[in-house]
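Biologist: I'm new to reading protein models, and I'd like some help with this one. Could we go through it together?

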Amino acid sequence: MKIVFAEPAKTPAGCVAVFATPERSLLGYGTALDKATKGALKRAMAASRFTGKKGQVLAVMAPAGLSADRVVIAGLGAGKEITKRSAEGAGGAIVADANGAGQKSLSVLVDVPTGCALSLPEMAARLALGARLRSYRFDKYRTKEKPEQKPTVASLTIHVPGAAAARKIYAALEPIADAVFLTRDVVSEPANVIYPETLAARARELGKLGVKVQVLGEAQMRRLGMNALLGVGQGSKRESQMVVMHWDGGRRGDKPLAFIGKGVCFDTGGISLKPAQSMEDMKWDMAGAGAVIGIMRLLAGRKARVNAVGLVGLVENMPGGEAQRPGDVVRSMSGQTIEVINTDAEGRLVLCDVMWYAQEKFDPRLMVEFSTLTGAIVVALGHERAGLFSNNTRLATQLRDAGSKVGEKLWRMPLGEGYDELIKSEIADMVNSAGRDASSVSAAQFLKRFVQGNRPWAHVDIAGMAWTKKGDATTPKGASAYGVRLIDQFVADHYE
Ligand code: BES
Ligand code: MN
Ligand code: ZN
């Protein structure tokens, strides 16, 4: 979809979007079109449940008196409630309507209501970003789909006074969509296409943007003593990898922020095999790694003034003659030993070695880690919020607030010594799996043992957020890229 910004048009044709606020109050362009149609838009609103609330759209077909064939009225909500995020949602809703109606081009006539904190160019740019994010589709393997079954909108024109200013704001936002799309792409790919080496190759491509990328293979990780990670991958024919990505946009010598991701490219459960039901979902058990790769893409894409290092542990968790057995004891890079009583609790085994490596090597200012770690976090929080575990309230608050700005919500969960009881082992320093009680918390409590000192650390359990079966205003069904925008906002708000 091509997006252009233009000054307001006198006689818009084709599919045209205008805006309204509650209660059924058309903004400037809407009012003008309503007059030209002798009141058709107002009558259409009155004859429907459309009131102008945010997220609502109402299409008026072939109104007499206009050259436009389809006028879409999009609700913005009350002026003072409008945010950048809600403006993106309106852009998403408009493009979804036009695609659903088979429209090839779409013109948006931008207005802002009184009380709105966004300027016209800002509103225009956010509408465009939302439209772009919503128009993502992973359809490379659908060879039989007819053109009319595909999204049709090929060109989006945003008409706004001050088009040049809008274009400039949008240009600065575009790296967000590029990064989100990269994450959605790698998370959507099946596990026969994206496995540790091919995902590492995708990360390597960030070199073009000025990210320094280093890939470590099994031999190197063995020398480093990363046996917890290696144990998870030992049943797979695919070689495990760790990718280290540097973006040095900050002051020389400033310690980096570290972002860490779980990259289990497929999680069968290993010898503690998962049931067949929904096992295919486990192709996206690398969504944490996908988010971290997208985060690095975005920081580099917008030349963020920060030093950041992204680390992802990439493995495939398979059963087989060489697979790790329940009861095996592994010595992690930290020296702490782990009794692997359940080979399906593999994420923490991968992460504990990547976290340790990150700290030994980079002494980061803070660490934020993303993982599809536990099914139990979905039981607790559903698909509405990711679980946030942290040893540092300041960091937790910064993350939560950044998330609420970009629509990637978090809910803080507890940690505490009392939970250590759950991961006691008879034979080693800890077990990797604690059974059903508080299993998201015991997983986090396990990870906390691999944080050095009081270094600010956060673990974000995204098992309920990485993939969406419904989608939302700016996210189609499928991989969400949760985490990418969250960290972008977090960095922009506090670390640049
Ligand atoms: N990757 C899964 C968690 C998961 C489940 C992510 C559903 C997304 C959707 C993880 O490796 C896992 O298997 N966790 C186990 C832990 C248990 C064995 C302690 C779980 O949640 O059941
Ligand atoms: Mn598992
Ligand atoms: Zn897993």
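**Reading the metal site and its surroundings**

Modeller: Let's start with one side chain: that of Asp 267 makes a polar contact with the side chain of Asn 317, at 2.9 Å. A polar contact is a pair of N or O atoms within 3.5 Å; within protein, one must be able to donate a hydrogen and the other to accept it, and residues adjacent in sequence count only if both atoms are side-chain atoms. The side chain of Asp 267 also reaches the backbone nitrogen of Gly 269 at 2.9 Å. Before we go on: this is a predicted model, where local features need pLDDT of at least 70 and side-chain atom pairs count only at pLDDT 80 or more, while totals for chains, interfaces and linings use all residues. Residues are numbered from 1 along each chain as its sequence is written, chains are lettered from A and ligands numbered from 1 in the order in which they are written, and side-chain values use heavy atoms, with hydrogens and water left out.

Biologist: Where does Asp 267 lie, and is it buried or exposed?

Modeller: Strands (E, at least two residues) and helices (H or I, at least four) are DSSP runs, numbered from the N terminus. Asp 267 lies in strand β10. For cover, buried means under 20% relative accessible area, exposed over 50%, and partly exposed in between, with a 1.4 Å probe and protein chains only. Asp 267 has a relative accessible area of 2%, so it is buried.

Biologist: Which protein donors does the manganese ion (ligand 2) have?

Modeller: Donors are N, O and S atoms within 2.8 Å of the metal (3.2 Å for Na, K and Ca); water is not among the atoms, so sites may look incomplete. For the manganese ion (ligand 2), the protein donors are Asp 267 (OD), Asp 344 (O), Asp 344 (OD) and Glu 346 (OE), 2.0 to 2.2 Å away. Along the sequence, the donor residues are spaced D-x76-D-x1-E. Asp 267 is in strand β10 (residues 257-267) and Asp 344 in the loop between β13 (337-340) and α10 (347-362), so the pair ties together parts that are 77 residues apart in sequence. Asp 344 is partly exposed, at 22% relative accessible area.

Biologist: And what coordinates the zinc ion (ligand 3)?

Modeller: Lys 262 (NZ), Asp 267 (OD), Asp 285 (OD) and Glu 346 (OE) do, at 2.0 to 2.4 Å. Their spacing along the chain is K-x4-D-x17-D-x60-E. Lys 262 lies in strand β10 and Asp 285 in the loop between β10 and α9 (287-301), so this pair joins parts that are 23 residues apart in sequence. Lys 262 and Asp 285 are both buried. Asp 267 bridges the zinc ion (ligand 3) and the manganese ion (ligand 2), which lie 3.2 Å apart.

Biologist: Why is the arrangement around the manganese ion (ligand 2) irregular?

Modeller: Ideal angles at a metal are 109.5 degrees for four tetrahedral donors, and 90 or 180 degrees for six octahedral ones. Four donors count as tetrahedral if all angles lie between 85 and 135 degrees; four count as square planar and six as octahedral if opposite donors are over 155 degrees apart and all others between 65 and 115; anything else is irregular. The six donor atoms around the manganese ion (ligand 2) subtend angles of 71 to 167°, which makes the arrangement irregular. Around the zinc ion (ligand 3), the six donor atoms subtend 78 to 174°, and that makes the arrangement octahedral.

Biologist: How many residues surround ligand 1?

Modeller: A residue is near a molecule or strand if one of its heavy atoms lies within 4 Å of it. Ligand 1 has 16 residues around it, and the closest are Lys 274, Asp 285, Asp 344, Glu 346 and Gly 375. A polar side-chain atom of Glu 346 is 2.8 Å from an oxygen atom of ligand 1. A backbone N or O atom of Leu 373 is 3.4 Å from a nitrogen atom of ligand 1.

Biologist: What about Lys 38 and its phi?

Modeller: Most residues other than glycine have a negative phi, and most peptide bonds are trans. Lys 38 has a positive phi, near 55°, and sits in the loop between α1 and α2 (40-46). Lys 38 is exposed, with a relative accessible area of 78%. The peptide bond from Pro 22 to Glu 23 is cis, with omega near -15°.
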